[in-house]
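Hi everyone, thanks for making time this morning. Let's put the model on the screen and walk through it together.

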Amino acid sequence: MPLYAYFPNPPNGEFIDRLHERLDEGIRIAYGRKLPDPDDYDVLVSGRPSDEYLNASNKIKSLVIPYAGVPTNTRALMGEYPKISVHNLHHNAAPTAEMALTLMLAAAKSVVVADRELRTGSWMSRYGESGGMLLEGRTLLLLGYGAVGRRIARSARALGMRVVAVRRGGPLSFSDLPDEIHGPEDLDLLLPRANVVLCTLPDTEETRGLIGAPELALLPKGAVLVNVGRGPVVDEEALYMALKSGRVAAAGLDVWYRYPKTEADRDSTWPCTLPFHELDNVVMSPHRGGITDLTDTLRAAHLALLLNAAASGEQMPNRVNLGRGY
């Protein structure tokens, strides 16, 4: 029997065209909030599924979340359906890694401040005490070493940086190995060595608040912090105070603590409760690291990869460990 997948929330027409171009022959797809007829789908494609859609088919084997990450409510709900495997997409790994490197370089080199000053005719940033941190020969501590972290590591090593990674278990190929790899239990020993800390971690019970005031105090003076994972992994107040005091030299942030709740809020929502925007040593980005001119193309290609694998009887990649949250 051919694979049958159902999208309760239809994507745009262009995305659908790109997806169908990449699907193997025989795969059936149904779209729309109304349950399809027949409703015996094998795969449900939804970031926020309901019990109705999870229970409608007696053949459902898998849920595919059509983006990276796992919403907290979805993670809790799927714990009630242990026979349904959960998968997500890693289509945003390359652009997110590029954003991480962009923020690291911009923060380390004070690019935003220099740009702003020169637009007023001031060259003072050229004659200050420092033109920014030299990254070559410095140590990058990567928190998280998945699809995004491995890409960052390759580029950082090309810049001449030493890469130390923190990750939880799982196999790595020889070509993926950083200079050092450690478990989370070694974090306090690694922070004093880190000139740059770069976070790619998801927001889970284990990671929330992982980097707080005690951890930031362990960093050498002049360190840079970059977060492209999830905002709450780094304690908001602790980071603000460390940046304001100069204890942390600079930060590049693409993930935050507050987000617009409605479309009307999109041009009037501060991303945090503290005035990070008043600090010259922060480069701010509105969680757009995974968004590029090819986002739909990448998403369609990665989703087709999962569905084609399932259709051919292979194990679908990117299975989520609900216990860990990723």
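Let me begin with one residue, Thr295, which is buried at a relative accessible area of 12%. By buried I mean under 20% relative accessible area; exposed is over 50%, and partly exposed is in between, with a 1.4 Å probe and protein chains only. Thr295 sits in helix 10, residues 295–311. Helices here are DSSP runs of H or I with at least four residues, strands are runs of E with at least two, and both are numbered from the N terminus. Setting aside neighbours within four places in sequence, Thr295 is in contact with His91 and Gly290, where contact means heavy atoms within 4.5 Å.

A quick word on where this comes from. This is a predicted model, in which local features need pLDDT of at least 70 and side-chain atom pairs count only at pLDDT 80 or more, while totals for chains, interfaces and linings use all residues. Residues are numbered from 1 along each chain as its sequence is written, and side-chain values use heavy atoms, with hydrogens and water left out.

Now the overall picture. The protein has 10 helices and 12 strands. Its radius of gyration is 22 Å, close to the 20 Å that the globule rule gives for 326 residues, so the protein is as compact as a globular protein of that length. That radius is taken over C-alpha atoms, and the rule is 2.2 Å times the number of residues to the power 0.38. Along the principal axes, the C-alpha trace spans about 70 × 45 × 35 Å. Buried residues account for 45% of the 326. Of the contacts between residues at least 6 apart in sequence, 65% join residues at least 24 apart.

On to the inside. Which residues of the largest nonpolar core touch the most other members? They are Leu141, Leu143, Leu216 and Phe276, in a core of 31 residues. A nonpolar core, for us, is a set of buried Ala, Val, Leu, Ile, Met, Phe, Trp, Tyr and Cys residues joined through side-chain atoms within 4.5 Å. Among the elements giving two or more residues to this core are strand 6 (139–143), strand 7 (162–166) and helix 9 (236–245). Helix 9 provides the largest share, five residues. If you zoom in on Phe276, leaving out residues up to four places away in sequence, you'll find that Phe276 touches residues including Leu239, Leu243, Trp256 and Met284. There is also a second, separate core of 30 residues, which includes Leu103, Met133, Ala165 and Val283.

Finally, the charged pairs. The whole structure holds 11 salt bridges, each a side-chain nitrogen of Lys or Arg within 4 Å of a carboxyl oxygen of Asp or Glu. Take Asp42 and Lys59, whose closest N and O atoms are 3.8 Å apart. Those two residues are 17 apart in sequence, with Asp42 in the loop between strand 2 (28–31) and strand 3 (43–45), and Lys59 in the loop between helix 2 (51–56) and strand 4 (62–65). Asp42 is buried at 7% relative accessibility, whereas Lys59 is partly exposed at 25%. Together with Lys61, Asp42 and Lys59 are linked in a network of salt bridges.

One last pair to look at: Arg208 and Asp203 meet at 2.8 Å, N to O. Arg208 is partly exposed at 45%, and Asp203 is partly exposed at 27%. Thanks, and do jump in with questions!
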